[in-house]
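Subject: Structure for you to look at

Hi,

Here is the structure I promised to send over. Please open it alongside this note; my findings follow below.

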Amino acid sequence: MLASRRRFRLDTERMVLRLPEHSDFRMWTALRASSAAFLVPWEPTWSEDHLHRRAFTGRVQWAARVRQQGTGLPLFLVRRDDDQLLGAITLDNIRRGPAQVGTVGYWIGEPFARHGYMREALNAVVHHAFTELDISRIEAACLPENAASRAVLEKCGFKYEGVAQSYLQINGRWRNHVLYANLRGDRRGRTDVG
């Protein structure tokens, strides 16, 4: 699948979801820095240069490359009313052929958590993946104790599928993750396991 050369965006009720741009550096850095205590417990250890311009430039270039290759869709959540960066969501590791699957990950700045922004963004990305990208399965993983992330996934139609042992290094430690999936045309019904 060849990606269009025009600027990509998904519109939701309150946001524009779009690729990161070089001009986002200061807003991104400020939001990540001010939300560090909120984000660090749930994320891989930040590199020493995580908040530096060079690392951000690499992030922007990577986002454009994976979008062009059709293997990922890394998007910033930008509030429409005031162009405020709220967080990011990425549909990544898109695999074609018999699988037609991708993995979703996301983060939200602390001041914007629990306002429904991530649910709105996740619903938009899932809809786009199923209807425009012809993805059949979207996977997600989070720490078992991350009740907020689990609730967002479940509200967006993801179903619990199990536990992956030592799935990712989070905050410097190998951690188990609970696995969720959303299937196009899912007929499994609600699950209360996990």
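S1 and S2 form a hairpin, with 3 residues between the two strands. They run antiparallel and are joined by 3 bridges. Within that pairing, Asp11 sits opposite Val16 of S2. Please keep in mind that this is a predicted model.

On its other pairing, S2 (residues 15–18) meets S3 (residues 73–79), again in the antiparallel sense, over 4 bridges. Two of the residue pairs are worth finding. Leu17 has Leu77 of S3 as its bridge partner. Met15 has Arg79 of S3.

Which way do the side chains of S2 point? Met15 and Leu17 point one way, and Val16 and Arg18 point the other way. Buried or exposed? All four, Met15, Val16, Leu17 and Arg18, are buried. That includes the arginine, Arg18.

Now the whole sheet. It is open and has 8 strands. The order is S1-S2-S3-S4-S5-S6-S8-S7, and the pairing is mixed. Strands S1 (9–11) and S7 (159–170) stand at the edges. Each has a single partner strand, so one side of each is left without a neighbour in the sheet. From one strand to the next, the twist averages 25°.

Helices come next. H3 (residues 53–69) packs on the sheet and touches S3 and S4 (85–95). Its direction makes about 115° with that of S3.

H4 (residues 117–131) lies across S1, S2, S3, S4, S5 (101–108), S6 (137–142) and S8 (173–183). Against S4, helix H4 runs at about 30°.

H4 also has a helix partner. Its axis and that of H5 (residues 147–155) come within 9 Å and cross at roughly 45°. The two helices are therefore oblique to each other. The crossing of H4 past H5 is right-handed. Which residues make the contact? From H4 they are Met118, Arg119 and Leu122; from H5 they are Val152, Leu153 and Lys155. By type, the contact has 4 nonpolar residues, no polar ones and 2 charged ones.

Ala148 is another residue of H5. Its relative accessibility is 39%, so Ala148 counts as partly exposed. The C-alpha atoms of Ala148 and Leu122 are separated by 14 Å, and the two residues are 26 apart along the chain.

Last, two backbone points to check by eye. Asn93 is not a glycine, yet has a positive phi of about 50°. Asn93 is found in strand S4. With a relative accessible area of 43%, it is partly exposed.

Where is the other one, Asn171? Asn171 lies in the loop between S7 and S8. Its phi is near 50°, again a positive value in a residue other than glycine. Asn171 has 42% relative accessibility, so it counts as partly exposed.

If you want a route through the model, begin at the hairpin of S1 and S2. Then follow the strand order across to S7. Turn to H4 where it lies across the strands, S4 among them. Finish at the contact of H4 with H5, including Leu122 and Leu153.

Best wishes

Definitions and conventions:
Residues numbered from 1 in each chain as written. Predicted model: local features only at pLDDT ≥ 70, side-chain atom pairs only at ≥ 80, totals over all residues. Heavy atoms only, no water. Pairing = 2+ DSSP bridges. Axes fitted to C-alpha atoms, helices over the stretch in contact; angles between N-to-C directions. Contact = heavy atoms within 4.5 Å. Parallel < 35°, antiparallel > 145°, perpendicular 65-115°, else oblique. Left-handed = near helix turned anticlockwise from the far one by under 90°. Nonpolar A, V, L, I, M, F, W, Y, C, P; charged D, E, K, R; others polar. Buried < 20%, exposed > 50% of the residue type's maximum accessible area, 1.4 Å probe, protein only.
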